[in-house]
Every structure is written in structure tokens, then in C-alpha cells.
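Trainee: Please take me through one part of this structure in close detail. I would like to see what surrounds a single side chain, and then how that spot fits into the rest.

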Amino acid sequence: MASSLHKAGLALCLVVLFGGSILHILGGETGLTSQSTHRLGNDDAYIGYRYSENLAAGKGLVFNPDERVEAYSDFLYVVMMASAFWVTNLDGVYFYSFLLNLIFASVAWGLLVFDLRRRLGEGYALAGGLLFAVCLPLWVAVASGLETTQVLMISVAIWVTVERVVADPSPRLVTLLCVLLGLSVLARADGFILPGVAILYLLLKRQFRTATLGAMAVGLTFGGYVLWRYHYYGLLFPIT
């Protein structure tokens with residue numbers, strides 16, 4: 001009986017998360033984003049869409065063809081959004097982005113609930129899942145068309161994996177952590193900050209080998225990305 005109620009409660013959390021995100025689209029601007037006048041999404045999202053559109057069309061990662069300027073801060077999301085133009089048109093790209101963001105938010109929710117249940121029990125898992133689902137800024141993030149929920153998903157995955165690595169530094173978990181740290185670097189221009197904190201935490205936990213491997217993953221990803229940026233845009237650092 002208790003397990004059935006727990007499952008029903010988790011299902012209700014997902015309904016709240018989905019419903020709140022959809023209601024934010026229907027309601028338009030709430031003042032919680034960036035005072036954008038766009039009804040659908042944040043205006044910054046459409047800058048990224050333009051880059052994604054040109055990339056999908058074979059014109060490169062540019063806003064205007066033949067003008068190599070980096071005016072985005074979310075490389076990984078922009079590249080992923082290029083796939084939108086393979087399945088929909090300009091009118092549908094925002095809704096593709098919304099669906100993608102809802103998936104990211106749902107995965108982040110699932111990771112949090114799973115970790116809370118594993119460590120603290122069903123009651124805490126349900127409470128954490130509910131607090132996550134009713135977070136109004138999260139609904140805004142899902143509906144914004146920006147990379148916020150992708151970054152959130154990667155961040156939650158990093159901390160869940162870090163805690164598991166501390167308890168069991170198996171090769172599989174360490175490899176997963178290194179991949180997540182690299183993805184964080186590519187997800188945002190400031191995406192190296194969270195991996196740095198995670199590596200410091202591993203050092204404090206005396207997980208020196210894992211911290212070293214994580215630092216190598218971050219260094220190689222960041223270095224490779226900087227070299228690519230310099231080759232493509234002629235700059236070592238972003239100007240967004």
C-alpha cells in the first residue's frame with residue numbers, strides 16, 4: 001500500500017512539472033525570465049536557433065553566413081538543436097526545444113528522486129521530487145528555449161555520480177563521471193566551474209585517482225574546445 005502511494009505521488013509530481021511548464025507557455029511572460037517581450041520563449045533562444053539553423057543547412061556555426069562570430073554561450077545545446085531543423089520548420093523549432101527541455105528536466109527530476117530514495121528512503125524522495133516539480137523558475141526554464149534544463153540535468157548527474165564514486169570508485173562510475181564533467185564544459189561558457197568544485201570535493205574525500213582522472217577529462221575537453229574556437233572564430237575565449 002505504501003509503495004503504491006509513493007508511486008502515485010511521484011506520478012503526480014511529474015504531472016505538476018509537465019502542467020506547470022505548459023501553462024507557462026500558454027501564459028506567456030511572467031516577469032521571471034529577462035523581461036523578454038516574446039510570448040514563446042526567451043529572445044536569447046532565437047539567437048541560438050539561428051546558429052543551429054545555419055549549422056543544419058551546412059553554412060557553419062554562424063549567425064550570418066561567412067561571418068564567424070561566436071554570439072552564443074551554450075555550444076552543446078546549439079549543436080543539439082540543429083537536429084530540430086531536420087524534423088521541423090522555423091515555426092516548430094521552439095516546440096522541439098520545449099520538448100527537449102522537458103525531457104532534460106524530467107531526467108534531472110528522476111536522478112534526484114532516485115538518489116534520495118537510495119540514500120534516505122521513499123518519504124524524502126517524494127518530498128524532494130515534489131519540491132523540484134513545483135519550482136516555478138524551473139517551469140520558466142523549460143519554456144524558455146534556452147539550455148538551462150540541460151545544464152541542470154548535467155549538474156544533478158554530476159553530483160549524484162560523485163557521491164556514488166566516493167562510495168564505490170568502480171571504473172564504470174569513474175568513466176561516467178569523466179564524461180559528465182566534459183559535457184559540463186561544453187554546455188556553458190562557464191561550465192568548467194562545477195567540475196572544478198566536484199574535483200575539489202573528490203580531493204577532500206581523498207579520492208585522488210578519481211580527481212586526477214576528472215581533472216584530465218576537464219583539461220582535455222576545455223583545451224580541445226579552446227583550440228577549436230581559436231581555429232574557427234580566431235579567439236581563445238568567448239565574447240558573448
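**A close look at Tyr232**

Mentor: Start with Tyr232, which counts as buried at 15% relative accessibility. The cut-off makes the reasoning simple: buried means under 20% relative accessible area, so a value of 15% falls on the buried side. Keep in mind that this is a predicted model.

Now place the residue. Tyr232 belongs to helix 11, which covers residues 208-233. Look across to Gly60. Tyr232 and Gly60 are 172 residues apart along the chain, yet their C-alpha atoms are separated by 9.7 Å.

Next, turn to the ring of Tyr232. A charge sits over it: the charged end of Arg68 is 3.9 Å from the ring centre. Tyr232 also belongs to an aromatic cluster. The other members are Tyr51, Phe63, Tyr72, Phe75, Tyr225, Trp228 and Tyr233. Find Tyr225 in that list. The ring of Tyr225 has a charge over it as well, with the charged end of Arg229 at 4.6 Å from the centre.

How many aromatic pairs does the structure have? The count comes to 13. Take Trp159 and Tyr201 as one example. Their ring centres are 5.9 Å apart and their planes meet at 80°, so this pair is edge-to-face. Trp159 lies in helix 8 (residues 148-167), while Tyr201 lies in helix 10 (residues 193-204), so the pair ties together parts that are 42 residues apart in sequence. Trp159 is partly exposed, with a relative accessible area of 30%. Tyr201 is partly exposed too, at 21%.

Now come back to our residue. The rings of Tyr232 and Tyr233 have centres 4.9 Å apart and planes at 80°, so this pair is edge-to-face as well. Here both partners, Tyr232 and Tyr233, are buried.

Let us move on to the empty space. Rolling a probe the size of a water molecule over the atoms shows where such space is left. How many cavities of 30 Å³ or more are there? There are two. The second largest has a volume of about 40 Å³. Check its lining against the cluster. Tyr72, Phe75 and Tyr225 are among the lining residues, and each belongs to the aromatic cluster of Tyr232. Arg229, whose charged end sits over the ring of Tyr225, lines the cavity too. The lining also includes Glu70, Ser73, Asp74, Leu186, Arg188, Ala189 and Pro238. By class, that makes six nonpolar, one polar and four charged residues.

Ser73 and Asp74 lead us to the largest pocket. The volume of this pocket is about 190 Å³. Its lining has 17 residues, and those nearest its centre are Asp44, Ser73, Asp74, Leu146 and Glu147. So which residues did we meet before? Ser73 and Asp74, in the lining of the second largest cavity. The pocket lining divides into nine nonpolar, four polar and four charged residues.

Which helix gives the largest share of the pocket lining? Helix 2 does, with five residues. Both helix 2 (43-56) and helix 3 (75-81) supply at least two residues each. Stay with helix 2 for a moment, and find Gly48 there. Gly48 counts as buried at 12% relative accessibility. The C-alpha atoms of Gly48 and Val78 are separated by 5.7 Å, although the two residues are 30 apart along the chain.

Go back to Leu146, by the pocket centre, and step back along the chain. Gly145 follows helix 7, and its phi is positive, near 85°. Helix 7 (residues 136-144) is mostly covered, with seven of its nine residues buried. The buried ones are Leu138, Trp139, Val140, Ala141, Val142, Ala143 and Ser144.

Finish with the cysteines. A search of the whole structure finds zero disulfides. Why is Cys13 not bonded to Cys135? The sulfur of Cys135 is the closest cysteine sulfur to that of Cys13, but the gap is 13 Å, too far for a bond. Cys13 is buried, at 2% relative accessibility. Cys178 is buried as well, with a relative accessible area of 17%.

Definitions and conventions:
Residues numbered from 1 in each chain as written. Predicted model: local features only at pLDDT ≥ 70, side-chain atom pairs only at ≥ 80, totals over all residues. Heavy atoms only, no water. 1 Å grid on protein atoms, 1.4 Å probe; cavity = no way out; pocket = protein on both sides within 12 Å on 5 of 7 lines; lining within 4 Å. Points joined across faces, edges and corners; volume = space filled by probe spheres on them. Nonpolar A, V, L, I, M, F, W, Y, C, P; charged D, E, K, R; others polar. Phe/Tyr/Trp six-rings, centres within 6.5 Å; stacked < 30°, edge-to-face > 60°. Helix = DSSP H or I, 4+ residues; strand = E, 2+ residues; numbered from the N terminus. Buried < 20%, exposed > 50% of the residue type's maximum accessible area, 1.4 Å probe, protein only. Lys NZ or Arg CZ within 6 Å of the ring centre and 35° of its normal. Disulfide = S-S within 2.5 Å.
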